[in-house]
Amino acid sequence: MEGWQRAFVLHSRPYSETSLLLDLFTEGQGRVRVLAKGARSRRSNLKGALQPFTPLLVRWGGRGEMKTLRNAEAVSLALPLQGITLYCGLYVNELVARVLESETPFSELFFDYLHCLQQLAAGEGSPEPALRRFELALLGHLGYGVDFLHCAGSGEEVSDEMTYSYREEKGFIASLVVNNRSFTGRQLMALCQREFPDADTLRAAKRFTRIALKPYLGGKPLKSHELFRQFVPKKRAVMPPPQE
């Protein structure tokens, strides 16, 4: 299987009359853009395989920013995401497509991504913990190093009930001021362990990842949020969009 890599389709769009332009997340080379020639034609055997959330084996060739897909095979059926978990999966795909630099290896993150999709597909409880764990893993692989367990001002270990204010490039500093950037020591320990035993720690995790991801996402809104708001009626929505 020389030259083959495990991959997922992050996003696809039509290209010319019969082809597709794909953003792939691959195990060995991270995010790669490939042209799937003839993938939209009636005779193509790739139509069913080149879908988001379908585990693939792929090969491509060529030079430059856009490669040409040579082969693609589905390893298994698509992971069964539907309803809320489908929008969460679209959010994760958009996050990876927006944040990762092209053709930069993120092998460990690839398995964090796979594990996140598997947790979403299992449909056991709220999808929020899986999203928060993936966001924290993504930040870690991007080099966004944060010490959750020590006060950046004194170096002392954080205390459960003490409040700490988050400052970019510094960390968490003990503070009596309570605002959107304030976290208790208990919340910081949950962030460090990536375990969220209750609604309070889960809300804190979402608040932190929102702050930390903002510089990477810029001011452009996420399309997955717009889809969520457009297609999920407010009276039926059981949770807010995955990230804002």
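Which residue in S3 does Thr 26 stand opposite? In this predicted model, the partner of Thr 26 is Gly 30 in S3. This pair is a handy place to start, and the surrounding strands come next.

Strand S2, made of residues 19–26, pairs with S3 in the antiparallel sense, and seven bridges link the two. Together S2 and S3 form a hairpin, with three residues between them. S3 also has a partnership with strand S5 (residues 66–74), but here the pairing is parallel and runs over three bridges. Within that pairing, Leu 35 stands opposite Thr 68 in S5. S3 is largely enclosed by the rest of the structure, because six of its seven residues are buried. A helpful picture to keep in mind when looking at any such element is that side chains in a regular strand alternate between the two faces of the sheet.

It helps to step back and look at the whole chain. Six helices and eight strands are found in it. Read from the N terminus, the order of elements is β-β-β-β-β-α-α-α-β-β-β-α-α-α. The C-alpha trace spans about 65 × 45 × 30 Å along its principal axes. The chain has 244 residues, of which 46% count as buried. Among contacts in the chain with a separation of 6 or more, 56% are between residues 24 or more positions apart.

One loop residue deserves a closer look. Thr 54 is placed in the loop between strand S3 (30–36) and strand S4 (56–61). Is Thr 54 buried or exposed? Thr 54 counts as buried because its relative accessibility is 4%, and the cut-off for buried is under 20%. With neighbours within four places in sequence left aside, the residues in contact with Thr 54 are Ala 7, Phe 8, Ala 49, Ala 74, Ser 76 and Ala 78.

Helix H1 covers residues 84–99, which makes 16 residues. From its first C-alpha to its last, H1 reaches 23 Å, close to the 22 Å expected at 1.5 Å a residue. Many names appear on the list of buried residues in H1, including Tyr 87, Cys 88, Gly 89 and Tyr 91. Val 92, Asn 93, Glu 94, Leu 95 and Val 96 in H1 are buried as well.

Further along the chain, another sheet can be followed strand by strand. This open sheet has three strands in the order S7-S6-S8, and the pairing is antiparallel. S7 and S8 are the edge strands, each pairing on one side only. On average, neighbouring strands of the sheet are turned by 40 degrees against each other, direction ignored. Helix H4 (residues 185–193) packs on this sheet and touches S6, S7 and S8, and its direction makes about 85 degrees with that of S8.

Strand S6 (residues 163–167) is mostly covered, with four of its five residues buried. Four bridges connect S6 to strand S7 (residues 171–174), and the two run antiparallel. S6 and S7 form a hairpin with three residues between them, and Glu 169 in the turn has a positive phi of about 65 degrees. S6 pairs with strand S8 (residues 182–184) too, in the antiparallel sense and over three bridges. Ser 165 is a good residue for tracing both pairings: its bridge partner in S7 is Ile 173, while in S8 Ser 182 stands opposite Ser 165.

Helix H5 (residues 199–217) also belongs in this picture. H5 lies across S6, S7 and S8 and runs at about 140 degrees to S8. Helix H3 (residues 128–141) packs with H5 at an angle of about 40 degrees, and the two axes are 10 Å apart. At that angle, H3 is therefore oblique to H5. The crossing of these two helices, H3 and H5, is left-handed. Where H3 and H5 meet, H3 contributes Glu 128, Pro 129, Arg 132, Glu 135, Leu 136, Leu 138 and Leu 139. The residues of H5 that they meet include Leu 202, Ala 205, Lys 206 and Phe 208, together with Thr 209, Ala 212, Leu 213 and Tyr 216.

Methods
Residues are numbered from 1 along each chain as its sequence is written. This is a predicted model: local features need pLDDT of at least 70, side-chain atom pairs count only at pLDDT 80 or more; totals for chains, interfaces and linings use all residues. Side-chain values use heavy atoms; hydrogens and water are left out. Buried means under 20% relative accessible area, exposed over 50%, partly exposed in between (1.4 Å probe, protein chains only). Two strands pair if DSSP finds at least two bridges between them. Axes are lines fitted to C-alpha atoms, for helices over the stretch in contact, and angles run from 0 to 180 degrees between N-to-C directions. Contact means heavy atoms within 4.5 Å. The expected span of a helix is 1.5 Å times one less than its number of residues. Angles under 35 degrees count as roughly parallel, over 145 as roughly antiparallel, 65 to 115 as roughly perpendicular and the rest as oblique. A crossing is left-handed if the near helix is turned anticlockwise from the far one by less than a right angle, and right-handed if clockwise.
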